[in-house]
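Dear colleague,

Please find the structure below, handed over for your work. My notes on its pockets and cavities follow.

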Amino acid sequence: MPIETEDTTTSPEDAPKGADGEISEDVVVWTKETIYEMMRSRSRDQNFHFVGRDIVITERNVGDMTAIGTKLWTTADVFSQYLESGVFPLKDKKVIELGSGTGLVGIVTSLLGADVTLTDLPDIIYNLEPNVAINTRGVKHPPTVCPLAWGVDLQAFPKAAHYDYVIGSDLVYDAEVFEGLIQTIKYLSDSKTTILLGFHLRVPDRDLKFLNMFTKEFNVVKEHELPNQGKAVRLYEARTK
């Protein structure tokens, strides 16, 4: 049952004041603005179990609808389950993940024995790095975390000579970055690279636009159904044309 606690918060009007009329320093004063900010910037941990290990993923700014990269999305979990099932050989493979976000998929890929580079925007890395460090201790190939903006100054990115896999989940959220995303996948891939994109169809017009752009540049080898997700969630396996 809930534990009752004494409410020590108050409004500015009701807060105790000293002789000088100022609010006492030891009183917590809630305003609408401070409550909204607290809700916007709050963090939480999500717990998973993959590859025989407990994984703790920290999400940040969970109340901020614009903070996409610091929150965990459903496709990452089911994509990770699918990878764990062994459908793709990952041991000792060179893998780069785009839009790693909180890091779950890249972490599971690392635990499965791959040599993984996780990437995202510079303002996402601050949350991604500790998630990766905490959850990949003792792996054969310590993963790397690097900032990468899709389609921006790609020649300066320290890519490997060859990646066996380019992976990503829930990357399709903003039509303005579609061209940069496709450019980045092309830049990181060669004829022997397998591209795996976990895809959740949420906004049909927007999402189908991306698929049309994607299939013009890559050959879709197979559409994999992810466990218990229905037709809205797919994993696209593709290669360069």
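The notes below cover conventions, then the largest pocket, then the largest cavity.

This is a predicted model, in which local features need pLDDT of at least 70 and side-chain atom pairs count only at pLDDT 80 or more, while totals for chains, interfaces and linings use all residues. Residues are numbered from 1 along each chain as its sequence is written, and side-chain values use heavy atoms, with hydrogens and water left out.

The largest pocket (on a 1 Å grid over the protein atoms alone, an open set of points with protein on both sides within 12 Å along at least five of seven lines) has a volume of about 730 Å³, a volume being the space filled by probe spheres set on the points, which are joined across faces, edges and corners. Its lining (residues with an atom within 4 Å of a point) comprises 35 residues, of which Ile68, Gly69, Trp73, Asp170 and Tyr173 lie nearest the centre. Two elements, α3 (104-111) and α4 (122-135), give two or more residues to this lining; helices are DSSP runs of H or I with at least four residues, and strands are runs of E with at least two. The largest share, three residues, comes from α4.

The structure holds one cavity (a set of points where a 1.4 Å probe fits but cannot get out) of 30 Å³ or more, and the largest cavity has a volume of about 70 Å³. Among the residues lining this cavity are Asp170, His200 and Arg202. Strands β8 (165-169) and β9 (194-200) each give two or more residues, with the largest share, four residues, from β9.

Yours sincerely
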